[in-house]
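Here's a quick briefing to read alongside the model on your screen. Have a look at the overall fold first, then we'll zoom in on a single residue.

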Amino acid sequence: MIGERPHPWDQPDPDTRPDVVAVLTTPQQVVTGLVVSPAQRHVYCTGCRDARSEGQEVTVYAYRCVDPAAWDVAQCYCPARAPADVETPTLGAVECLVTATLGQRSFPARQTHRLCLTDVELLAVSPPTEGTDP
Ligand SMILES: [Zn+2]
């Protein structure tokens with residue numbers, strides 16, 4: 001339900017998921033701070049395999065399926081290899097393509113840091129009602 005009218009199939013079922021509260025927000029807000037890599041210092045471009053690190057610009061494809069309701073970064077690109085749109089939209093998934101600057105997110109309890117997305121700008125979005133079956 002990002003950037004569109006709420007659709008019944010993208011709403012938590014109150015009978016089976018009474019613990020989930022739905023909110024309306026923007027793709028930029030959802031993916032800001034999202035961790036892009038389990039590695040601490042680099043993420044690799046899907047197109048050319050070059051390493052990207054803190055302070056560098058990336059283009060990211062992120063998505064969320066209806067269940068589980070969690071966003072994930074599936075692909076990360078350098079500016080030279082970045083696609084201009086969500087190339088193969090998937091039915092049932094909210095997908096977005098954004099540009100961002102890589103930052104660091106701290107996890108004090110684990111005494112570690114992870115690369116995350118900052119200064120996010122939306123390039124394209126595909127709602128769950130568009131695309132082909134996965
Ligand atoms: Zn690249």
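What follows runs from the whole chain down to one spot in it. Keep in mind that this is a predicted model. The protein chain has 1 helix and 6 strands, and its 134 residues give a radius of gyration that agrees with a compact globule.

**Fold layout**
- Going along the sequence, you'll meet the elements in the order α-β-β-β-β-β-β.
- Contacts reach a long way along the protein chain: of those between residues at least 6 apart in sequence, 67% join residues at least 24 apart.

**Size and packing**
- The C-alpha trace measures up at about 45 × 35 × 25 Å along its principal axes.
- For 134 residues, a compact globule would come out near 14 Å in radius of gyration, and the protein chain has 15 Å, so the two agree.
- Buried residues make up 23% of the 134 in the protein chain.

**Zooming in on Leu97**
- You'll find Leu97 in strand S5, which covers residues 93-107.
- Leu97 counts as buried because it has 23 C-beta neighbours inside 10 Å, and the cut-off for that label is 20 or more.
- Setting aside neighbours within four places in sequence, Leu97 is in contact with Thr59, Tyr61, Pro83, Asp85, Val86, Leu123 and Ala124.
- Take Val86, one of those contacts: Val86 and Leu97 sit 11 residues apart in sequence, with 6.2 Å between their C-alpha atoms.

Notes:
Residues numbered from 1 in each chain as written. Predicted model: local features only at pLDDT ≥ 70, side-chain atom pairs only at ≥ 80, totals over all residues. Helix = DSSP H or I, 4+ residues; strand = E, 2+ residues; numbered from the N terminus. Rg over C-alpha atoms; globule rule 2.2 N^0.38 Å. Buried ≥ 20, exposed ≤ 12 C-beta atoms within 10 Å, placed from the backbone. Contact = placed C-beta atoms within 7 Å.
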